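Biologist: Please show me the sequence and the model, and then let me ask about a few of the side chains.

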Amino acid sequence: MKFNKWFLFLIPIIAILAYFSIPTAKPVEETGADVLKIRRDKDSALKDDEESPIKDKATFKGLKYYSFNKDYIVDFVLEKAEKAKTVELKMTDGTTEKLILFGKIKGEIGGFSISLTLYQHDNGEFFLPFKDKTAPTETYGGGRFLDLPLTNVKNNRLRVDFNLAYNPYCAYNEDFACPIPPAENTLPIRIEAGEKRFN
């Protein structure tokens with residue numbers, strides 16, 4: 001049986017949302033220390049949480065990541081769709097997952113112009129699935145995800161920190177299903193930030 005569960009663990013979610021819920025007049029910018037704490041919390045949850053998809057928790061030593069790099073914190077221009085609508089993303093098990101299509105974000109990374117389709121969860125937080133040239137040799141071949149709080153929006157720009165890019169549950173355990181990033185979110189460049197391959 002495939003489990004349709006692919007999002008971050010509860011403990012890291014609480015930590016991230018608590019961090020981002022602090023009132024602020026500008027988008028929050030993570031530091032290396034902030035990202036390191038989030039990563040430690042996730043490793044702890046993966047090892048100890050009863051819902052962890054890690055099969056062999058006894059030998060689990062933690063996930064692998066690229067070093068924090070502030071160059072991968074990018075302010076993208078938001079281009080909202082004329083009308084919000086619910087769409088279905090294909091899942092790795094052949095089913096679909098319903099998400100809200102928000103629109104597009106556009107910007108530059110390392111001199112390359114980037115355009116990505118942006119989605120929303122039911123709670124309003126943004127969801128950005130993507131795949132880049134580091135896959136499948138360095139990062140998960142099915143792509144990586146970002147959950148982005150609404151506090152990252154200012155002056156029609158969305159701050160995206162690729163240092164927080166994470167793997168879905170199916171990267172750790174084939175019993176779980178996860179969304180497949182759409183073709184338009186396959187980047188022709190390397191994003192050397194965030195989580196690496198599990199195996």
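Modeller: What follows is a short set of questions and answers on burial, contacts and salt bridges. This is a predicted model, in which local features need pLDDT of at least 70 and side-chain atom pairs count only at pLDDT 80 or more, while totals for chains, interfaces and linings use all residues. Residues are numbered from 1 along each chain as its sequence is written, and side-chain values use heavy atoms, with hydrogens and water left out.

Biologist: Is Asn167 buried or exposed?

Modeller: Asn167 lies in the segment after strand S7 (157-161), strands being DSSP runs of E with at least two residues and helices runs of H or I with at least four, numbered from the N terminus. Buried means under 20% relative accessible area, exposed over 50% and partly exposed in between, with a 1.4 Å probe and protein chains only. Because its relative accessible area is 2%, Asn167 is buried.

Biologist: Which backbone oxygen does the side chain of Asn167 reach?

Modeller: Among the residues that Asn167 touches are Tyr140, Glu195 and Lys196, where contact means heavy atoms within 4.5 Å. At 2.9 Å, the side chain of Asn167 reaches the backbone oxygen of Lys196.

Biologist: Which residues are joined into one network by salt bridges that share partners?

Modeller: A salt bridge is a side-chain nitrogen of Lys or Arg within 4 Å of a carboxyl oxygen of Asp or Glu. One of these joins the side chains of Arg190 and Glu138 at 2.7 Å, N to O. That pair links distant parts of the chain, 52 residues apart. Through shared partners, the network consists of Glu138, Arg190 and Glu192.

How values were computed. A polar contact is a pair of N or O atoms within 3.5 Å; within protein, one must be able to donate a hydrogen and the other to accept it, and residues adjacent in sequence count only if both atoms are side-chain atoms. Lists of a residue's contacts leave out its neighbours within four places in sequence.
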